[in-house]
Amino acid sequence: MSNYEVGSIVEGKVTGIKPFGAFVALDEKKQGLVHISEVAHGFVKDINDVLKVGDEVKVKIMNVEEESGKISLSIRATQEAPERPARPAHKPRPAGNAGGGGGRKPQPQKQQQQGFNTLEDKLKEWLKQSNEIQADLNKRAKK
């Protein structure tokens, strides 16, 4: 369907900006989305500080959803990561919080296909997670 291959780097033009990312035209018929987290290596509070409509950008194709034709792009992946200062040694956590104090167990992260999810899909996922957490809390409360 698409002549765009995941991993390839192409030139594009910013055609629209939203708080969550920028739409980039790859050619006359295809455009993709650069999520705000893929715009730069550092934290981007306001995408308008980094990009504007009409900017020519180099993007890496991160994902192509064949069914929908949606293309996920990254500007950050085309740039060399800046040098990071050495991190300070890990500080141990205070003993007062060790052994649990009502904190919930970290849930193993399920591998999800990267790309675009509709709000409806995300809401279903959030409701399921919420119900699982509530059921776990109810079990603990009955003990």
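The accessible surface of the protein chain in this predicted model amounts to about 11,600 Å², and carbon and sulfur atoms account for 52% of that area. The chain comprises 143 residues, of which 22% count as buried. Among contacts with a separation of 6 or more, 57% are made by residues 24 or more positions apart.

The secondary structure of the chain consists of 5 strands and 1 helix. Read from the N terminus, these elements follow the order β-β-β-β-β-α. Strand S1 covers residues 9–18 and pairs with S2 in the antiparallel sense, with 5 bridges between the two. These two strands form a hairpin, and 2 residues lie between them. One of the bridge partnerships in this pairing links Ile17 to Ala22 of S2. Strand S2 is also joined to strand S3, which covers residues 31–35; this pair likewise runs antiparallel and is held by 5 bridges. The hairpin that joins S2 to S3 passes through 5 residues. Here Gly21 has His35, in S3, as its bridge partner.

The largest nonpolar core of the structure contains 19 residues. Within this core, the residues with the most contacts are Val24, Leu51, Val59 and Leu73. Three elements give two or more residues each to the core, namely strand S2 (21–25), strand S4 (56–64) and strand S5 (71–74). Of these, S4 gives the most, with 4 residues. The surroundings of Val59 can be described in further detail. When its neighbours within four places in sequence are left aside, Val59 is in contact with Ser8, Ile9, Val10, Val24, Leu26, Val34, Leu73, Ser74, Ile75 and Thr78. Two members of this list, Val24 and Leu73, are also named among the core residues with the most contacts.

A charged residue was also examined for burial. Glu38 is located in the loop between S3 and S4. Its relative accessibility is 18%, and Glu38 therefore counts as buried, the limit being under 20%. Apart from its neighbours within four places in sequence, Glu38 is in contact with Leu73, Ser74, Ile75 and Arg76. Leu73, Ser74 and Ile75 appear in the contacts of Glu38 and also in those of Val59.

A search of the whole structure identified 6 salt bridges. Three of them are described here, beginning with the pair Glu120 and Lys124. The closest N and O atoms of Glu120 and Lys124 are 3.9 Å apart. Helix H1 spans residues 119–142, and these two residues are separated by about one helical turn because they stand 4 residues apart within it. Both partners lie at the surface: Glu120 is exposed, with a relative accessible area of 53%, and Lys124 is exposed as well, with 52%.

The second salt bridge is formed by Glu125 with Lys122, whose closest N and O atoms are 3.8 Å apart. Glu125 and Lys122 are 3 residues apart in helix H1, so about one helical turn separates them. Both are classed as partly exposed, Glu125 at 23% relative accessibility and Lys122 at 22%.

The third salt bridge connects Lys128 with Glu132, and a distance of 4.0 Å separates their closest N and O atoms. These residues also belong to helix H1, where a spacing of 4 residues corresponds to about one turn of the helix. Lys128 is partly exposed at 47% relative accessibility, and Glu132 is partly exposed with a relative accessible area of 39%.

A nonpolar patch was also found on the surface. This patch is formed by Leu119, Leu123 and Trp126, which together have about 320 Å² of accessible area. Leu119 is part of helix H1. At 58% relative accessibility, Leu119 counts as exposed, because the limit for that class is over 50%.

Technical notes: Residues are numbered from 1 along each chain as its sequence is written. This is a predicted model: local features need pLDDT of at least 70, side-chain atom pairs count only at pLDDT 80 or more; totals for chains, interfaces and linings use all residues. Side-chain values use heavy atoms; hydrogens and water are left out. A salt bridge is a side-chain nitrogen of Lys or Arg within 4 Å of a carboxyl oxygen of Asp or Glu. Buried means under 20% relative accessible area, exposed over 50%, partly exposed in between (1.4 Å probe, protein chains only). A nonpolar core is a set of buried Ala, Val, Leu, Ile, Met, Phe, Trp, Tyr and Cys residues joined through side-chain atoms within 4.5 Å. Contact means heavy atoms within 4.5 Å. Two strands pair if DSSP finds at least two bridges between them. Patches are made of residues with over 30% relative accessible area and no salt bridge: like charges are joined within 9 Å, nonpolar side chains (Val, Leu, Ile, Met, Phe, Trp, Tyr) within 5 Å. Accessible areas come from the Shrake-Rupley method with a 1.4 Å probe; for residues, only the protein chains shown count as cover.
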